[in-house]
There are 2 protein chains.
Amino acid sequence: MTDRLDELPGRRCSIAGALDVVGDRWALLVVREVSLGAHRFSEILRGTGAPREQLTARLNALVDAGVLERRQYSASPPRSDYHLTKAGRDLLPVLQALMQWGDRYVADEPPVEFHHSGHRITASWVCDVCGEKVGRGIERHVRDRHEPAPA
Amino acid sequence: MTDRLDELPGRRCSIAGALDVVGDRWALLVVREVSLGAHRFSEILRGTGAPREQLTARLNALVDAGVLERRQYSASPPRSDYHLTKAGRDLLPVLQALMQWGDRYVADEPPVEFHHSGHRITASWVCDVCGEKVGRGIERHVRDRHEPAPA
DNA sequence: CGAGTTGGTTCGGTATGCGAACCTTGACGG
DNA sequence: CCGTCAAGGTTCGCATACCGAACCAACTCG
C-alpha cells in the first residue's frame, strides 16, 4: 500500500500530509468561506480575496482532494457551486484553532466576530448526540478506521 | 491604529491573520519540530526537509513574529538555537487539529476522535444566543471590513 | 596542519503566483 | 433582433518566490 506521506520531505507525519492538501495560501480560506455559506464562485472570490485563476485552481484541487464537492446547479450555462464534504467539515477544528490563535496574537483590535440575525457565532466543540457544547471532560478516543463508529 | 489584518485581501478575519504568519509551507512544520525537541538549525533542517535558505528565512520570520525565540548558546563561533515562545506553544492546538485531520484523511493510520460520555464530539460554528449550528445562508449576516459593527 | 561540523549566505534557473485581458453561455432591455 | 451585462472560467505574460548547488567563516578534532 503506497502512502501519500512517503512522497513528502522530512519527518513522516500526518501534519505534513494535511499541509500538503490544505497548506497553501488559499485553501483554508476557501474552506472558511464555504463553511460560512459562500457556495458560489463569485462569493468565494469576494470572501477570500484570492485571484480568480488561483481560485479556479484551488477549487479544483480541493475537489480532487475530496474536501469540496462540486454541484452543477445549472446545465446551461454550466454553473456549479461548492459544498463541503465530510472531510471538509472535519477541517473546522483546524480553522477554529487558527482563529483562536489569530484572535490572540495577530488581531490587535477586538477579534472579528461572525454574526447571524444579530447573534454572535463562535466555534465550539459540539456533541453530535446531545447537541451540547462541550467545555471540559473531553476524552481522546482512538478508533481504528476499519472499526465502525460507536453507536 | 493600523491593524495587520487590514493589509490582507478578502474578509477581515483572524484566520487570515494567523495564516499570514504560519500559513506558508514550512512554518508549522518548524513549530512541530521545535515542539518535538529539535532546537538546532541542523535538527530542524533534517526534521522538516526544507531547503536550507528557506529554513533560514522561515526561522527569522518566525522569530520576528514572536513564535520562536533565538538563543545564542555560543558566542564564538556564533551559534543559536530556537525555542517556542508562549505564542509558539499556543500553536499546538492547530498542529493537533491538523494531525487529527491528516490521520483520518491522508495517512494510513488509525484516526483519533474526541468523545464525552460515549458521544462523539465534532466542531461547529454555533450561534451564541440560539445555540444553533450554522451552515447555510450565513454570509450576508457576517460583519466584514466594509460594514460597521452592529450596535 | 588538514578535514569536518555548524550555521548560515549567494547565485542562477525554474516553478509558481499574480493581474489584465479574453471567452462562452445565457438573461435582459429596448 | 441587437447590444449589453453577469457568471464562471481560461489564457497570457510578467514578477516574484522557491529551490538545489556552491560557497564561506569560525571553530574543533585528529
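This passage looks at salt bridges, a buried helix face and an enclosed cavity in a predicted model.

Salt bridges offer a handy way into the structure, and nine of them are counted over all chains. One of these joins A:R58 to A:D24, with the closest N and O atoms 3.1 Å apart. Because A:R58 sits in helix α4 of chain A and A:D24 in the loop between α1 and α2 of that chain, the pair ties together parts that are 34 residues apart in sequence. Both partners keep some accessible surface: A:R58 is partly exposed at a relative accessible area of 21%, and A:D24 is partly exposed at 24%. A further bridge brings together the side chains of A:R71 and A:E69, at 3.6 Å from N to O. Here too the partners are partly exposed, with relative accessible areas of 36% for A:R71 and 34% for A:E69.

The bridge between A:E33 and A:R32 has a buried setting. Its closest N and O atoms are 2.8 Å apart. A:E33 has 0% relative accessibility and A:R32 has 1%, so both count as buried, the cut-off being under 20%. The pair also belongs to a network of salt bridges that links A:R32 and A:E33 with B:R11.

In chain B, attention turns to B:E33, which is placed in helix α2 (residues 27–35). This residue counts as buried because its relative accessibility is 1%. Leaving aside neighbours within four places in sequence, B:E33 is in contact with A:R11 from the other chain, as well as with B:A38, B:E43, B:I44, B:G47 and B:T48.

Back in chain A, helix α3 spans residues 41–48, and its buried residues are A:I44, A:L45, A:G47 and A:T48. An α-helix has 3.6 residues a turn, so residues three or four places apart point the same way. The cover over the buried residues of α3 in chain A includes α2 (27–35), α4 (52–64) and β2 (79–84) of that chain. After the helix comes A:G49, which has a positive phi near 80 degrees.

Finally, there is the matter of internal space. The structure holds two cavities of 30 Å³ or more, and the largest cavity contains about 90 Å³. Residues from both chains line the largest cavity, among them A:L19, A:V22, A:L28 and A:L98 together with B:L19, B:V22, B:L28 and B:L98. Helix α1 (14–22) of chain A and α1 (14–22) of chain B each supply at least two lining residues. By character, the lining divides into eight nonpolar, two polar and two charged residues. A:D24, the salt-bridge partner of A:R58, is also part of this lining.

Technical notes:
Residues numbered from 1 in each chain as written. Chains lettered and ligands numbered in written order. Predicted model: local features only at pLDDT ≥ 70, side-chain atom pairs only at ≥ 80, totals over all residues. Heavy atoms only, no water. Buried < 20%, exposed > 50% of the residue type's maximum accessible area, 1.4 Å probe, protein only. Helix = DSSP H or I, 4+ residues; strand = E, 2+ residues; numbered from the N terminus. Contact = heavy atoms within 4.5 Å. 1 Å grid on protein atoms, 1.4 Å probe; cavity = no way out; pocket = protein on both sides within 12 Å on 5 of 7 lines; lining within 4 Å. Points joined across faces, edges and corners; volume = space filled by probe spheres on them. Nonpolar A, V, L, I, M, F, W, Y, C, P; charged D, E, K, R; others polar. Salt bridge = Lys/Arg side-chain N within 4 Å of Asp/Glu carboxyl O.
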